[in-house]
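Me: I have a model open and would like to go through some of its packing. Could you take me through it?

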Amino acid sequence: MIKIKSPAEIECMRKSGEILRDCLLFLGERVKAGVSTKRLDEFAYDYIIRHGAKPSFLGYGGFPGTICASVDEVVVHGFPSDKRLEEGQIFSLDCGLVFKGWQADAARTFPVGEISEEKQRLVDTTRESFFEAVKQFKVGKRLGDISNAVQTYCESRGYGVVRSMVGHGIGREMHEDPQVPNFGKAGHGPRLEVGMVLAIEPMINMGTWQTVENGWSCVTADRKPSAHYENTVALTENGAEILTL
């Protein structure tokens, strides 16, 4: 069942979103060659706790980190580790927190130093596809319009759209109904209405859309790079509002 949030509840989620937005900005300044993803995880934990929130991912289903730390061909759910980032990689950082009972979830893909034009185009297209999706987050539209917007934008540029992982509703729980795929038919699915809050998160591959599971991690089947861009978005009387940007 899709849980509709009141204006007062969305106001609570704004604060959660602001903390996460600023956390990601803080972390992004520290992404560079030579830093370990475990160190970035420590930065994230300290930042979230210092701002009166709690990490959502830490301990979730046994997950060991505050952030998902996914490098190059890892789509999502990479474990933070002592391995250091290297020049030319792309680093997808997914983070969630809960503040006063309300969740926020967002992800960014950062370049590690100078990256190839090919990787930069992938990162840019993934981010752009998110905003194409948000254009469809309107009263009277359907969930499939959001999904189709991502798929159409990315596939027209030659990229693979991940099927095995999807976005989701969000509120007091990190994962709520509905699922929000990045692929699908326009005009299908639940009708969108004021009070819906979604975590919209394109996960886009340079090569095939197919993925394989490697423990917790989801990895591209052809081992080509993948990018991830996510925000928590509320549908209000004034339209779609990105709470984590």
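Reply: Certainly; please note that this is a predicted model. A helix pair is a good place to begin. The axes of helix 3 and helix 4 (residues 143–155) come within 8 Å, crossing at roughly 145 degrees.

Me: What is the handedness of the crossing of helix 3 and helix 4?
Reply: The crossing of helix 3 with helix 4 is right-handed.

Me: Which residues make the contact?
Reply: Helix 3 contributes T125, E128, S129, E132 and A133, while helix 4 contributes I146, A149, V150, Y153 and C154. By class, the residues of this contact are six nonpolar, two polar and two charged.

Me: Now the sheet. What is the order of its three strands?
Reply: The order is 6-10-13, in an open sheet with antiparallel pairing. Strand 6 (160–161) and strand 13 (226–228) each have a single partner strand, so one side of each lacks a neighbour in the sheet.

Me: How many bridges join strand 6 to strand 10?
Reply: Two bridges join strand 6 to strand 10 (residues 203–205), and these strands run antiparallel. V161 stands opposite I204 in strand 10.

Me: Which strands does helix 3 touch?
Reply: Helix 3 (residues 117–135) packs on the sheet and touches strand 10 and strand 13. The direction of helix 3 makes about 35 degrees with that of strand 13.

Me: Different topic: where does T66 lie, and is T66 buried or exposed?
Reply: T66 lies in the loop between strand 1 (54–55) and strand 2 (67–71). T66 counts as buried because its relative accessibility is 1%, and buried means under 20%.

Me: What is T66 in contact with, leaving aside its neighbours within four places in sequence?
Reply: With those neighbours left aside, T66 is in contact with D41, A44, Y45, I48, P55, F57, L58, D94 and C95.

Methods: Residues are numbered from 1 along each chain as its sequence is written. This is a predicted model: local features need pLDDT of at least 70, side-chain atom pairs count only at pLDDT 80 or more; totals for chains, interfaces and linings use all residues. Side-chain values use heavy atoms; hydrogens and water are left out. Two strands pair if DSSP finds at least two bridges between them. Helices (H or I, at least four residues) and strands (E, at least two) are DSSP runs, numbered from the N terminus. Contact means heavy atoms within 4.5 Å. Axes are lines fitted to C-alpha atoms, for helices over the stretch in contact, and angles run from 0 to 180 degrees between N-to-C directions. A crossing is left-handed if the near helix is turned anticlockwise from the far one by less than a right angle, and right-handed if clockwise. Ala, Val, Leu, Ile, Met, Phe, Trp, Tyr, Cys and Pro count as nonpolar, Asp, Glu, Lys and Arg as charged, and the others, Gly among them, as polar. Buried means under 20% relative accessible area, exposed over 50%, partly exposed in between (1.4 Å probe, protein chains only).
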